[in-house]
Amino acid sequence: MASLVSSPTSSSISRRSINLSSDRPQHRFATPYRRHVPRCSLHGSLGFDNGLVPPCMPVINDRMLTGMHCFQDDIGKQNSRLCIFSGTANPALAQEIADYLGLELGKIKIKRFADGEIYVQLQESVRGCDVFLVQPTCPPANENLMELLIMIDACRRASAKNITAVIPYFGYARADRKTQGRESIAAKLVANLITEAGAHRVLACDLHSGQSMGYFDIPVDHVYGQPVILDYLASKMICSDDLVVVSPDVGGVARARAFAKKLSDAPLAIVDKRRQGHNVAEVLNLIGDVKGKVAVMVDDMIDTAGTIAKGAALLHQEGAREVYACSTHAVFSPPAIERLSSGLFQEVIITNTIPLLEQKSFPQLTVLSVANILGETIWRVHDDCSVSSIFQ
């Protein structure tokens, strides 16, 4: 049976299985002459067993690692200048990132007053340091965004040398253009707020649209969760001849096409829909052939799951054998859980850019961690190495 992913000659990403039950990652400098390979693991335990092969994350090959460890002669000096702090939005992900880098999370005090105001105080010196603040602006979006802004301001006033806002999920990213008159472009407003607060750089994961990077007047490093999901699908050993990648709407065609190229250049299908209002979608027809195939629906986020659920129903009507849903960001606003667990999907694959509450889990759900990709990107930014080479 053919492997799901391209051969090494057609893809720059190689893969290796790992033991998910191993202890936390070792310090990246514990063995100076042994390359540290980023690895993927399931994020926590949802208490369900789907009978799946344990997932693994793509291994960065030697060509991509060229020049990566040029800093080893000055480990102590460089390591002392890198600080990572976590907000309250996703501390578990921040801890995984720190574990990958072999660092401790910085000490920070965050509390809310009785009237809802946010108080932030750094509990250690960051003078002259490269500071990375891990804080997705997931629901409650306004609370988490304001907390991030105050964290940035605290670091700026503490004389941090560089401040990078690590935003695994960028809220308001969908408000990136005007579709009607007299609408706001909230994505640009949020970008201005982060810049004016004092951030020197933004590290974001799977932005809703690439144009959002242009809203910032500071450098933006765009990280993709795609390699983690691709490698997990590869572990399932689905025959490439049976595979079709499906975009749930016309706007996601470019994303789905890039995803399909990594899957032995699988064929592409498109669900044509028209949106009647915010969070309401109507599926019209399907462009492409899915009869007798395993359909993999790819999107950057799942909010109410209206688009992807109606798309899955259409795929079943058109003869698809199985339907998988893959998304980086699991917003899961009601009634997403009911729609996703209704039996339309063989499996729903997401990442941990947004923390998942226990009551939102269901048997078909698989959560993968992007901590190692974010951790590797943070180190490369800190050490002035290439970031794009990770995803080539």
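Which residues of β3 are buried on one side, and which on the other? In this predicted model, L82, I84 and S86 sit on one face of β3 and C83 and F85 on the other, and all of them are buried. Put as a tally, 5 of the 5 residues in this strand, which spans residues 82–86, are buried. That makes β3 a handy place to start a tour of the fold.

Zooming out for a moment, the protein contains 10 helices and 16 strands. Of its 392 residues, 55% are buried. Contacts across the chain lean toward the long-range kind: taking pairs at least 6 apart in sequence, 69% join residues at least 24 apart.

Back to β3, which belongs to an open sheet of 5 strands arranged in the order β3-β6-β7-β8-β9, with parallel pairing. The edges are taken by β3 and β9 (220–223), and each of these has a single partner strand, so one side of each has no neighbour in the sheet. Ignoring direction, neighbouring strands here are turned by 20° against each other on average.

The partner of β3 is β6 (residues 130–134), to which it is joined by 5 bridges in a parallel arrangement. Two of the positions along this pairing are easy to find: F85 stands opposite L133, and S86 has V134 as its bridge partner. Strand β6 is itself largely enclosed by the rest of the structure, because 5 of its 5 residues are buried. Its side chains split into D130, F132 and V134 pointing one way and V131 and L133 pointing the other, and all are buried.

On to the next strand along. β6 also pairs with β7 (residues 162–167), again parallel and over 5 bridges, and D130 of β6 is matched with N162 of β7. To get from β6 to β7 the chain passes through helix α4 (residues 141–157), and this β-α-β crossover is right-handed. Further along the sheet, β8 (residues 201–205) and β9 run parallel and are joined by 4 bridges, with V202 bridging to V220.

Helices pack around these elements. Helix α3 (residues 91–101) lies across β3 and β6 and runs at about 160° to β3. Helix α4 meets helix α5 (residues 186–197), their axes coming within 8 Å and crossing at roughly 25°. With angles under 35 degrees counting as roughly parallel, α4 and α5 are therefore roughly parallel to each other. The α4 side of this contact is made up of L145, L148, L149, I152, D153 and R156, which meet V190, L193, I194 and A197 of α5.

What about the nonpolar interior? The largest nonpolar core has 43 residues, and those with the most contacts inside it are I97, L101, V245, F259, V296, I349 and I378. Helix α10 (residues 371–382) supplies the largest share of this core, with 6 residues. A separate core of 37 residues lies apart from it, and includes L122, V126, L133 and L148. Returning to the larger core, F259 touches Q226, I229, L230, L233, V245, V296 and V298, sequence neighbours up to four places away not being counted.

A few loop residues also deserve a look. A320 sits in the loop between α8 (306–317) and β14 (322–330). Is A320 buried or exposed? Its relative accessible area is 8%, and under 20% counts as buried, so A320 is buried. Beyond its neighbours within four places in sequence, A320 is in contact with V290, K291, G292, K293, A295 and L315. The C-alpha atoms of A320 and A295 are separated by 6.4 Å, although these residues are 25 apart along the chain.

Backbone geometry turns up some oddities in loops as well. P139 and P140 are joined by a cis peptide bond, with omega about -5°, and P140 lies in the loop between β6 and α4. P334 and P335 are likewise joined by a cis peptide bond, with omega about 5°; P335 is in the loop between β14 and α9 (336–340). The loop between β14 and α9 also holds F332, which has a positive phi of about 55° although it is not a glycine. F332 is buried, with a relative accessible area of 2%. D265, another residue other than glycine, has a positive phi near 55° and lies in the loop between α7 (253–262) and β11 (268–277).

Terms used. Residues numbered from 1 in each chain as written. Predicted model: local features only at pLDDT ≥ 70, side-chain atom pairs only at ≥ 80, totals over all residues. Heavy atoms only, no water. Core = buried A, V, L, I, M, F, W, Y, C linked by side-chain atoms within 4.5 Å. Buried < 20%, exposed > 50% of the residue type's maximum accessible area, 1.4 Å probe, protein only. Contact = heavy atoms within 4.5 Å. Pairing = 2+ DSSP bridges. Right-handed = clockwise from strand over helix to strand, strands pointing away. Axes fitted to C-alpha atoms, helices over the stretch in contact; angles between N-to-C directions. Parallel < 35°, antiparallel > 145°, perpendicular 65-115°, else oblique.
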